[in-house]
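Please open the model in your viewer and keep the sequence panel visible beside it. The tour below proceeds by selections, each followed by a description of what is found there.

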Amino acid sequence: MNRPRDADEPLVRPFMLTGGRTQPMHDGVRVETQLHAAPAALSAPLRFEARRIVELCQVPRSVADLSVALGAPLGVVRVIVADLITEGFLVVGEAPGELSTALIERIRDRVRAL
């Protein structure tokens, strides 16, 4: 589901957010991957979506949560997140051994909201 776009809101194509890349530079970034910002990330000279992701990741968030919060496609968020991980601005949380039913349902609901 796409949210309605305000007529005055500028349209930015997803490929512009990733520099035309469609594949993340860092492997292993999945929709349920939990991320949190590195301590110095807020003072880094980040722009636009990268800055917003760092702000949102002051508390651990999944890639799916970030996608919904930004209103951006999951693939685009994965590329930006991978860049931030590579640059050391985001840290990947420990992967759970087995996903709980509540987490799976939350991911499902977030993906549906896209």
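**First stop: a loop proline**

Select Pro60 together with its partners distant in sequence: leaving aside residues up to four places away, Pro60 touches Gln34, Leu35 and His36. Pro60 belongs to the loop that joins α2 to β2. The C-alpha atoms of Pro60 and Gln34 are separated by 6.0 Å, although these positions lie 26 residues apart along the chain. Is Pro60 buried or exposed? With a relative accessible area of 56%, Pro60 is exposed.

**The whole chain**

Now zoom out and colour by confidence, since this is a predicted model. The mean pLDDT of the protein chain is 78, and 71% of its residues reach 70 or more. Where is confidence lowest, and where is it highest? The lowest mean, 53, is found in helix α1 (residues 14-17), whereas strand β2 (residues 61-62) has the highest, at 93.

Switch to a cartoon representation to follow the elements. The protein chain holds five helices and three strands, and from the N terminus on their order is α-β-α-β-α-α-β-α. Of the 114 residues, 32% count as buried. Among contacts between residues at least 6 apart in sequence, 72% join residues at least 24 apart.

**Helix α2**

Select residues 48-56, which form helix α2. Begin with Phe48, which is placed in this helix. Phe48 has a positive phi of about 50° although it is not a glycine. As background, most residues other than glycine have a negative phi. Phe48 counts as exposed because its relative accessibility is 59%, and the cut-off for exposed is over 50%.

Next, show the side chains of Ala50, Arg51, Ile53, Val54 and Leu56, which are the buried residues listed for α2. What do the buried residues of α2 pack against? Their partners are β1 (34-37), β2, α3, α4 (74-86) and β3 (90-92).

**α2 against α4**

Add α4 to the selection. The axes of α2 and α4 are 10 Å apart, and the two helices pack at an angle of about 70°. Angles of 65 to 115 degrees count as roughly perpendicular, so α2 and α4 are assigned to that class. On the α2 side the contact is made by Glu49, Ala50, Ile53 and Val54, and on the α4 side by Ile80, Val81 and Leu84. Coloured by class, this contact of α2 with α4 shows six nonpolar, no polar and one charged residues.

**α2 against α3**

Replace α4 with helix α3 (residues 63-70). The axes of α2 and α3 come within 11 Å and cross at roughly 125°. That angle makes α2 oblique to α3. The crossing of α2 past α3 is right-handed. To see the contact, display Arg52, Ile53 and Leu56 of α2 with Leu66, Ala69 and Leu70 of α3. By class, the contact of α2 with α3 comprises five nonpolar, no polar and one charged residues.

**Leu66**

Remain on α3 and centre the view on Leu66, which lies in this helix. Is Leu66 buried or exposed? Leu66 counts as buried because its relative accessibility is 0%. Not counting residues up to four places away in sequence, Leu66 touches Leu35, Ile53, Leu56, Cys57, Arg61, Val77 and Val81. A distance label may also be drawn between the C-alpha atoms of Leu66 and Val31: these atoms are separated by 9.4 Å, and the two residues are 35 apart along the chain.

**α3 against α5**

For the final stop, keep α3 and select helix α5 (residues 101-113). How is α3 oriented with respect to α5? The axes of α3 and α5 come within 9 Å and cross at roughly 30°. Angles under 35 degrees count as roughly parallel, and α3 and α5 are therefore described in that way. α3 passes α5 in a left-handed crossing. The residues to display are Ala64, Asp65 and Val68 of α3 and Arg106, Arg110 and Ala113 of α5, which make the contact. By class, the contact of α3 with α5 has three nonpolar, no polar and three charged residues.

Conventions: Residues are numbered from 1 along each chain as its sequence is written. This is a predicted model: local features need pLDDT of at least 70, side-chain atom pairs count only at pLDDT 80 or more; totals for chains, interfaces and linings use all residues. Side-chain values use heavy atoms; hydrogens and water are left out. Axes are lines fitted to C-alpha atoms, for helices over the stretch in contact, and angles run from 0 to 180 degrees between N-to-C directions. Helices (H or I, at least four residues) and strands (E, at least two) are DSSP runs, numbered from the N terminus. Angles under 35 degrees count as roughly parallel, over 145 as roughly antiparallel, 65 to 115 as roughly perpendicular and the rest as oblique. A crossing is left-handed if the near helix is turned anticlockwise from the far one by less than a right angle, and right-handed if clockwise. Contact means heavy atoms within 4.5 Å. Ala, Val, Leu, Ile, Met, Phe, Trp, Tyr, Cys and Pro count as nonpolar, Asp, Glu, Lys and Arg as charged, and the others, Gly among them, as polar. Buried means under 20% relative accessible area, exposed over 50%, partly exposed in between (1.4 Å probe, protein chains only). pLDDT is the predictor's confidence in each residue, from 0 to 100.
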